[in-house]
Amino acid sequence: MTKDEIAAALEEIGTLLQLKGENDFRVRAYTAGAKALVQLEGDFKARVAEKRFDDVRGIGDALQEKIITLATTGQLPFLDDLRASVPPGLIEMLRLPGIGPKKIKALHDELKIDTVAQLKSACEAGTVAELKGFGAKTQVKILDGIALLDSFGKRVRIDQAYPLGTALVEQLRALPGVEQVELCGSMRRRRDTAKDLDLLVASATAAPIMDAFVALPEVVQVVGHGPTKSSIVAKLQLGTESIVLNADLRVVTAAQFPFAQLYFTGSKEHNIRLRQRAIELGLSLNEYGLGDEAITAKCKTEADIYKALGMAYVAPELREDTGEVEAALAKELPKLIEVGDLRGVFHNHTTASDGTATLEEMARKCQALGWEYFGVADHSQSLKMAGGLSPERVREQWAEVDELNEKLKGFRILKGIECDILLDGSLDYEDDFLTGFDYVVASVHTHFALGEDEQTARVCKALSHPATTMLGHATGRLILRRPGYKLDLEQVIQTAARHGKFIEINAQPSRLDLDWTYVKRAKALGVKLVINPDAHSPADLELTPYGINVARRGWLTKADVFNTLGLKDVLKLLGK
Ligand code: DGT
Ligand code: CA
Ligand code: CA
Ligand code: ZN
C-alpha cells in the first residue's frame, strides 16, 4: 500500500470507531495519524523498512505498527474486523450531507435504524425530528440528502453535464497559479451522456487549488480531498432540474499536462491502443510522460505526443478505438465538420403547429446566426395533438412565406413539412399536394410498438416515396428516458442510399438521433446527413452544436452534410 492509501485506511478506522461510539480521544489518534502521514515527506519505503516513525508527531507506537502492517501486507485484520462489525447501511449514511458519525450512531441506538431506506421512512413518519439533537430542519435536510443520494451514479445528458463542467472549469481558471484547465473524459469527447466530470489543472501549487475546489458553491459533498486529487459531488440548478454529478480534479505540472490531458480524455480503449503503439517504438506512455526524458520534454501539446508516436493528431471526438488509430498512423483522418460550416437548417416548428415563435421570428434568428435559409417544417395534418396543418393551413403558410421572402434580403425561408409517416408507411398528404413543398422531412410519431420488421418496412416505404427528402429523428429515442422503436437501421440506411434520401442528425440533446455509431455507416454507404435543431423556439436554433458533436463523432466532413451547402446549391439539389 502507498502512503496515501494507508492514510485513507486510518481515516476510515477513525470514522468506523466514531460510528461505534468510541471516545473522541481514540478517534482523534487515527485522524491525526492520517493527516501526519499525508504531510510526511522523504522516503516512505525506507521508513517502513527501518520501522522508523518515532520522530513523526501524531504517530505513536500502536499506529506505527498498523502502518507497517498495511504497507507490507496491504491488509489490517483490525480494520477488517471493524468493517465487519458496522452495518453497511451506516457507512452509506455517511455520504448524506449534514449528518456525521455521531448522529448516525444516535439514529442507530435510539431508532434501530440500519439502512438508508429505514432512515427515509423514519423521516417521512416524523420520528427523526423528535429525536434529541435533531429537529424538523435536520429531518428535511436528511430527506433532501437521500433524494440527492438516489440521483448519484446516474448518467447525465451532455446539455446538463456540460454546463456544470464549464461552471467548475471557469472558476478553476480564475484561481491564482492555474496555468491551464481542461474538462477531460467523455465530455471532451462530446459523448451524449456523462457518468462524471474529469477536471484537469496545470499548476506548480496544487494544495491551494484543491482547497478552493472543494469549497466551490456547486459542491454538495466532498468525497475526497487529497494533495493532488480531489473528488466532489457537484450540483447545478438548470431551470427546474437540479443536475448532480461527481467531479474529480487532478492537478499536475505544466510539463505533465499534455500527457494527463491525453490520458484523462480517454477513451480507455483509445489509451490502450496508444500505449501499445508507444511500446512498439520502445517508449512507455502514461499520464506523466513517454518514459524517455528528452522525448517527454519535447511534448508541449497533445499533438506533439501523437507526433512522437508517428501519428496524426486525433480529435477528441474520434478517440473511441473505432479505426482512428489506424487512420492516424496512415495520416488519413478526415477533416471534421465544424459548427461554422452550417448555412441553414430544415427541421423547425413555428406557432402554426407546436412551436412558440412565428415564422418571421424564427427566420430572423437564423439570419442573426449567420445562416442563409430557414426551413420551416411544422407538423402534418394527422398529428392533431401538435397542431398539424391541414392542406388549407399549409397554403396559408406558403403565402406568408412568399410575403416574408419578399421582405428578407439575402435570406430565404424554405417551405418544408415534417410529414407524419402513417401506419402503413404512406405519407400524410396526397401525392400531388406534397410536390408543392420545397422538401419533406418524414418522421414517425405514432405506433412505436410495432415489431422490428413491420416498423422497418414502414419507414423504408416512406423513405422510398418520391416526395421524401429526409428522414427525421430516425428511431424516436429519448436519451436516458425512452429507447427508440425497434428498427433495422442497416436496412433503413441502405434504403436511403438506394433512393438518394438524406438522414437527419437531430440536434436536440435529448434525441441525438441518428446515433453517432450509425452516422459512420451512413457515410460509408454514401448517404448525406442533415443536422437539424428540430427547433420549437428561437433559442432551440442554437442547439446545432450538439448535432455537430454527433457528426464529428461519426467522422463527417463538411461535404457529408447537406446543410453546409449554400442556398443556391440547396435549391438546385431540391430541384427548385
Ligand atoms: P464516463 O465518465 O463514463 O462518461 O466516461 P469517461 O471516458 O469520462 O470515463 P472515466 O471518467 O471513467 O475516465 C476518464 C478517462 O480516464 C477515461 O476516458 C480514460 C482514463 N481512464 C480511466 N480509467 C482507465 C483505465 O483503467 N485505463 C486507461 N488506459 N485509461 C483509463
Ligand atoms: Ca468521466
Ligand atoms: Ca472519472
Ligand atoms: Zn418530430
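The following exchange walks through a predicted model of one protein chain.

Colleague: How many helices and strands does the secondary structure of the chain come to?

Modeller: The chain has 576 residues, and its C-alpha atoms fill a box of roughly 90 × 65 × 45 Å along the principal axes. Within this predicted model, the secondary structure comes to 26 helices and 14 strands.

Colleague: What share of the residues of the chain count as buried?

Modeller: A residue counts as buried when its relative accessible area is under 20%. Applied to the 576 residues of the chain, this cut-off gives a buried share of 52%.

Colleague: Which residues of strand S14 lie on one side, and which on the other?

Modeller: In a regular strand the side chains alternate between the two faces of the sheet. Strand S14 covers residues 529-532, with Leu529 and Ile531 on one side, and each of these is buried. The other side is covered as well, and the buried residues there are Val530 and Asn532.

Colleague: Which residue stands opposite Val530 in S14?

Modeller: Strand S13, made of residues 502-506, runs parallel to S14, and four bridges join the two strands. In this pairing, the residue that stands opposite Val530 is Glu504.

Colleague: Through which helix does the chain cross from S13 to S14?

Modeller: Leaving S13, the chain passes through a helix before reaching S14, and this β-α-β crossover is right-handed. The helix in between spans residues 516-524 and is H24.

Colleague: How far apart are the mean positions of the positive and negative charges of the chain?

Modeller: The chain carries 72 positive and 81 negative charges. Taking the mean position of each set, the two points are apart by 2 Å.

Technical notes. Residues are numbered from 1 along each chain as its sequence is written. Chains are lettered from A and ligands numbered from 1 in the order in which they are written. This is a predicted model: local features need pLDDT of at least 70, side-chain atom pairs count only at pLDDT 80 or more; totals for chains, interfaces and linings use all residues. Side-chain values use heavy atoms; hydrogens and water are left out. Buried means under 20% relative accessible area, exposed over 50%, partly exposed in between (1.4 Å probe, protein chains only). Lys and Arg count as positive and Asp and Glu as negative; His and the chain ends are not counted. The place of a charge is taken as NZ of Lys, CZ of Arg, CG of Asp or CD of Glu. Two strands pair if DSSP finds at least two bridges between them. A crossover is right-handed if, with the strands pointing away from the viewer, the path from the first strand over the helix to the second runs clockwise.
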